[in-house]
Amino acid sequence: MCYGKDSVVVFAGSDGVYWLDERNDSLHRLYPELKNKRVQTLAWSDGVMVMAVRGEVLWIESNGKWFVLNEERGLTSNFINRLIIDKGKCWCSSFDGISRFDLSGVGNGFFNIVNYSNINCLLENEVNLGFVQTCNRGI
């Protein structure tokens, strides 16, 4: 669940993505392209919605254009547990480590993906939840 465009509440479900109209307590399907897809997690920032479809791909929508990322394109896993967007970067946790990519390349379909695992810095690969905290030294 997250806030989307115009501060509406957007949430993922077992059959797609919905937004809640609080004025009349009604649900509306968002992104018909994801109908019947189990969306595990989602995040929104500055006009970009990132959604993880369980076991498939990461769907990214920006200004009506769609992009997909998966293991073949560089993610640690197709099973994303959690998404966090902070300062123009999307962080994806999985059972195979963490992937990070810069949202500035979304317009042209270029994603500079950086992966973290037990090979380069994590104690273990399983990362369920997380948060991003910025300090003077970075993260």
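Let's start our walk at Trp66, which has a relative accessibility of 26% and so counts as partly exposed, since that label covers values between 20% and 50%. Keep in mind along the way that this is a predicted model.

Trp66 has company. The model holds six aromatic pairs. In one of them, the ring centres of Tyr31 and Trp66 lie 5.2 Å apart and their planes meet at 80 degrees, so this pair is edge-to-face; an angle over 60 degrees is what earns that name. The pair brings together distant parts of the chain: Tyr31 sits in the loop between β4 and β5 (39-45), Trp66 belongs to strand β8 (residues 65-69), and the two are 35 residues apart. Tyr31 has a relative accessible area of 13%, so it is buried, the limit for that word being under 20%. A further residue joins in here, as Tyr31, Trp59 and Trp66 make up one aromatic cluster.

Tyr31 also leads us to a pocket. The second largest pocket has a volume of about 230 Å³. It is lined by 13 residues, and those closest to its centre are Gly4, Lys5, Leu30, Tyr31 and Trp44. Sorted by class, seven residues of this lining are nonpolar, three are polar and three are charged.

From the pocket we can step over to a sheet, since Leu30 is one of the residues closest to the pocket centre and strand β4 covers residues 26-30. In general, the strands of a sheet pair through backbone hydrogen bonds, in either a parallel or an antiparallel way. Here four strands form an open sheet in the order β1-β2-β3-β4, with antiparallel pairing. At its edges are β1 (2-3) and β4 (26-30), each of which pairs on one side only. Strand β3 (residues 16-21) runs antiparallel to β4 and is joined to it by five bridges. If you would like to find this contact on screen, look for Leu20, whose bridge partner in β4 is Leu27.

Our last stop takes us further along the chain, back to Trp66 for a moment, which is partly exposed at 26%. Compare another aromatic pair: the ring centres of Phe101 and Phe111 are 5.5 Å apart and their planes stand at 90 degrees, so this pair is edge-to-face. Phe101 lies in strand β11 (residues 97-102) and Phe111 in the loop between β11 and β12 (113-116), 10 residues apart. Both Phe101 and Phe111 are buried. Finally, Arg100 lies over the face of Trp91, 5.6 Å from the ring centre.

Methods: Residues numbered from 1 in each chain as written. Predicted model: local features only at pLDDT ≥ 70, side-chain atom pairs only at ≥ 80, totals over all residues. Heavy atoms only, no water. 1 Å grid on protein atoms, 1.4 Å probe; cavity = no way out; pocket = protein on both sides within 12 Å on 5 of 7 lines; lining within 4 Å. Points joined across faces, edges and corners; volume = space filled by probe spheres on them. Nonpolar A, V, L, I, M, F, W, Y, C, P; charged D, E, K, R; others polar. Pairing = 2+ DSSP bridges. Phe/Tyr/Trp six-rings, centres within 6.5 Å; stacked < 30°, edge-to-face > 60°. Buried < 20%, exposed > 50% of the residue type's maximum accessible area, 1.4 Å probe, protein only. Lys NZ or Arg CZ within 6 Å of the ring centre and 35° of its normal.
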